[in-house]
There are 2 protein chains.
Amino acid sequence: MTLLEDLQQLLGGDRVSENETILEQHSKDESYHTPHIPDIVVYPENTREVSEIMKLAKQYNTVVVPFGFGSSLEGNVIPYDGGIVIDFSLMNKVLEVRENDFLVKVQPGVTRSQLDKELKKYGLFFTVDPGADATLGGMAATNASGTTAVRYGIMRDQVRDLEVVLADGSVIHTGNMAAKSSSGYHLNGLFVGSEGTLGCFTELTLKVIGIPEHIMAGRAEFANVDDAVNAVIAILQAGIPIARVELVDEQSIKQINLFSDTNYNEVPTLFLEFHGNEAGLQQDVEFMKEIVDDLDCQKVEFETDTAARNRLWESRHNAAYAYIHGHPGKKQMVTDVCVPISELAGAIKDAREAVEESGLEGGIVGHVGDGNYHILLMIDVNNPQDIERANKVNERIVGYALERGGTCTGEHGVGIGKQKYQEKEHGDALGVMQRIKEALDPDGILNPGKVIKGDYAKS
Amino acid sequence: MTLLEDLQQLLGGDRVSENETILEQHSKDESYHTPHIPDIVVYPENTREVSEIMKLAKQYNTVVVPFGFGSSLEGNVIPYDGGIVIDFSLMNKVLEVRENDFLVKVQPGVTRSQLDKELKKYGLFFTVDPGADATLGGMAATNASGTTAVRYGIMRDQVRDLEVVLADGSVIHTGNMAAKSSSGYHLNGLFVGSEGTLGCFTELTLKVIGIPEHIMAGRAEFANVDDAVNAVIAILQAGIPIARVELVDEQSIKQINLFSDTNYNEVPTLFLEFHGNEAGLQQDVEFMKEIVDDLDCQKVEFETDTAARNRLWESRHNAAYAYIHGHPGKKQMVTDVCVPISELAGAIKDAREAVEESGLEGGIVGHVGDGNYHILLMIDVNNPQDIERANKVNERIVGYALERGGTCTGEHGVGIGKQKYQEKEHGDALGVMQRIKEALDPDGILNPGKVIKGDYAKS
């Protein structure tokens, strides 16, 4: 028997593919990183099948890469060593809504929009909002976050339990249904953000919350980015529990207007949202207005209906796609550092200089309430100079962040793109990570070369 | 040279002790678990010294137990294998308050009350409130929480970075100063709750928040525990962002009245606190009152001044000590399960039955907003029947929780007391924990026999 035959026997011919188009679809993510085709793509339907696939991978000494929607941005799912890609798109069921426990149990292939649609029936919502319509499994794998993290936390904060298939095919649960626990080592936290290098998630239990009683969203316009950033810092200092606060610079507003058919003033802008009860929210918003008025805010405008509010956030979420749409033939490199809030104004200033000096087209958007921001740079991947310029910007931005206590990736993960910064960021802690990887994947068959460099496998 | 001489050369004679009283002080925690004296107690003043101590421990193949305030409740710091106890009481400095980043950097021996006093100068506070005046190092080691976790999360949620001395004496940092990160495996989360079995914490960077604009605290009295529990569930379902919601049963109110000189009605009571802006808080409180009125609440009383509010919480925090004070010569066994909220009413009902059937004196208090509650049982440790009865109650309570998706310990940690439940709770995930322990402490010298059973060490 060959691996292919064994997989076909396990899954049937329909759910094992060597079709060129299928392989090509699983050779890339949404980044500029060079694609690489896998040998085989499989579509399991349940945990048992994933476990059997892992056992076959071990038997044939073949590598395995778990694949959700392919919206990663650092080459996290590109199968550089070929092997088997496990596509989780058939494991896409919302298994249980535990309304009274504010929990939902999902399969890893459930997408964010699919979950939200289901939860709406119960008056609930899932807080993590990375923009892309990623799968929950992928979001947990990269520890995704997004616009609402400033209020509700990141993906890791929402994971109550994971069912994980380990490298040897055994199946574990990393947590439980209780709101807190001090029992044993915190495996939830370890597996979230492990990017498929420690195991494959086959079931996720996630925290959800009630849809807020009141929501207000708006935009605040500033003459320059510095003023906008200072306003964010002042809002946080005042202790206003803001639900979203996004910086969109002048260049990015221009792209948004072109793509989303909006006509926002083309100036540095904060997109804001407040959640709460009616009275508390009104007081928060008034307080916020006073603060930004003192900081030379030129205009604050709140949306009065749900449709306008949705359009506002849709336009923000489409900022990256707007750039891509406006630059046919080019790819996007996205930086992703996160700095302590006290370093944010300096970091954004340095980032703007870096973009200008590079000569590349691009802008800055970001989840500035967390100190996390992205430079969206448009590059011609066939032009080595463009790639060099973009790399130079990325290196400068990352260096700036790491020297000031920040991180090279706030929410996109390490993949292969952020690997070269791991030693500088983690120092000797990288050795601890390597020992954990060795302990849980001694043959190095789980998404090799991601997060931890490839030379860890025991001889 | 002997180990003692080496330690004396490193630290000077004053900071190495074999004094019987000192050894006895470090032979126990606040639990009923049998004490055991260590061979030597040392008092390092900085990270370098802790690192050198670890290297000596490795060299002499001696075990090491880190020790904070000794307020653990599951034997977590009892040195059953003798060896070196590292007492962190001289590493007790608040190193830096990063006001604009809402961060504080402390040494592990800083106590909770010491930190709060320092933070007050900046209008800030540290949210985790376990009752005991524990050290921050100890609180991180057991992943402590307490009354405010329902709103602000547990210890693990507050840790942004740890400086850790590993088993081989090397020093790592587990995180950074940024609000979020997707870089590498989440070592913050892994080390928090590891109870000194993976390394010694020598510095902690913790999240703090601004003191809320308005605070209201009060008590809601009920005819029976069921009504009180149902009120908690209804408040959570309504999405009211309650800051504290504590159940104190009739028996425990009696003990509190005796010990704290209060004269609360001796009925099942919820102790409540709300944080927010003035308008929002008022709306929350009114809404809460409507909810509990509908659920047969007999009386709601809010404290109008800070002194009365402080007395309310002091009396709650002293509930465990009140029992001890009221039962001279007896020790306390505290259960610590946490269940999904939907299982809370049944769990508390079963807990009350268990206490009544045991014939032991005791009551129920708990952080019921998280589904976490404690039975405080008074036992004569010299009476084997008492211990058997208490163990039986604990086993029943834990079994009830585990069968319903809960955990055997919500906030006290595993120590030795919860070890027998680890396999039932974690299944094959326990093997993953064991492999991590082996990878990071191959000689098994870090707090052996805690969290993970003692037979892990490589031969």
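**Close-up views of a predicted two-chain model**

**View 1. The annotated span of chain A.** The end C-alpha atoms of residues 34-211 of chain A lie 41 Å apart, and 24% of this span is helix and 24% strand. Please keep in mind that the model shown here is predicted. Residues 34-211 of chain A are covered by the UniProt annotation "domain: FAD-binding PCMH-type", which comes from an unreviewed entry.

**View 2. How the two copies are arranged.** A turn of 180 degrees, with a shift of 0.0 Å along the axis, lays chain B on chain A with an RMSD of 0.0 Å. The two copies are thus related as by a two-fold rotation axis. To find this axis from the side of chain B, look for G280(B): its C-alpha comes closest of the residues of that chain, at 1.7 Å. The copies meet through the same surface, because 100% of the interface residues of chain B are also interface residues in chain A.

**View 3. An open sheet in chain A.** Here you can follow five strands in the order 5-6-10-8-9, with antiparallel pairing. Strand 5 (94-98) and strand 9 (171-173) of chain A are the edge strands, each pairing on one side only. From one strand to the next, the twist averages 10 degrees.

**View 4. Strands 5 and 6 of chain A.** These two strands run antiparallel and are joined by four bridges, strand 6 being residues 103-106. A handy place to start is E96(A), which stands opposite K105(A) in strand 6 of chain A.

**View 5. A helix across the strands.** Helix 3 of chain A, residues 47-59, lies across strand 8 (159-165), strand 9 and strand 10 (200-207) of chain A. Helix 3 runs at about 50 degrees to strand 8 of chain A.

**View 6. Aromatic rings meeting edge-to-face.** Over all chains, a search of the whole structure finds eight aromatic pairs. In one of them, the rings of Y264(A) and F271(A) have centres 5.9 Å apart and planes at 85 degrees, so the pair is edge-to-face. Both residues are buried: Y264(A) has a relative accessible area of 8%, and F271(A) has 0% relative accessibility. W313(A) joins Y264(A) and F271(A) in one aromatic cluster.

**View 7. A tilted aromatic pair.** F274(A) and F302(A) form a tilted pair, 6.2 Å centre to centre and with 45 degrees between the planes. F274(A) lies in strand 14 (residues 269-276) and F302(A) in strand 15 (residues 297-303) of chain A, so the pair ties together parts that are 28 residues apart in sequence. F274(A) counts as buried at 1% relative accessibility, and F302(A) is buried with a relative accessible area of 17%.

Key
Residues are numbered from 1 along each chain as its sequence is written. Chains are lettered from A and ligands numbered from 1 in the order in which they are written. This is a predicted model: local features need pLDDT of at least 70, side-chain atom pairs count only at pLDDT 80 or more; totals for chains, interfaces and linings use all residues. Side-chain values use heavy atoms; hydrogens and water are left out. UniProt positions are given in the numbering used here, feature names are shortened, and annotations may be inferred rather than shown by experiment. Copies are superposed by least squares on the C-alpha atoms of residues with pLDDT of at least 70 in both. Contact means heavy atoms within 4.5 Å. Two strands pair if DSSP finds at least two bridges between them. Axes are lines fitted to C-alpha atoms, for helices over the stretch in contact, and angles run from 0 to 180 degrees between N-to-C directions. Rings of Phe, Tyr and Trp (its six-membered ring) pair if their centres lie within 6.5 Å; planes under 30 degrees apart count as stacked, over 60 as edge-to-face and the rest as tilted. Buried means under 20% relative accessible area, exposed over 50%, partly exposed in between (1.4 Å probe, protein chains only).
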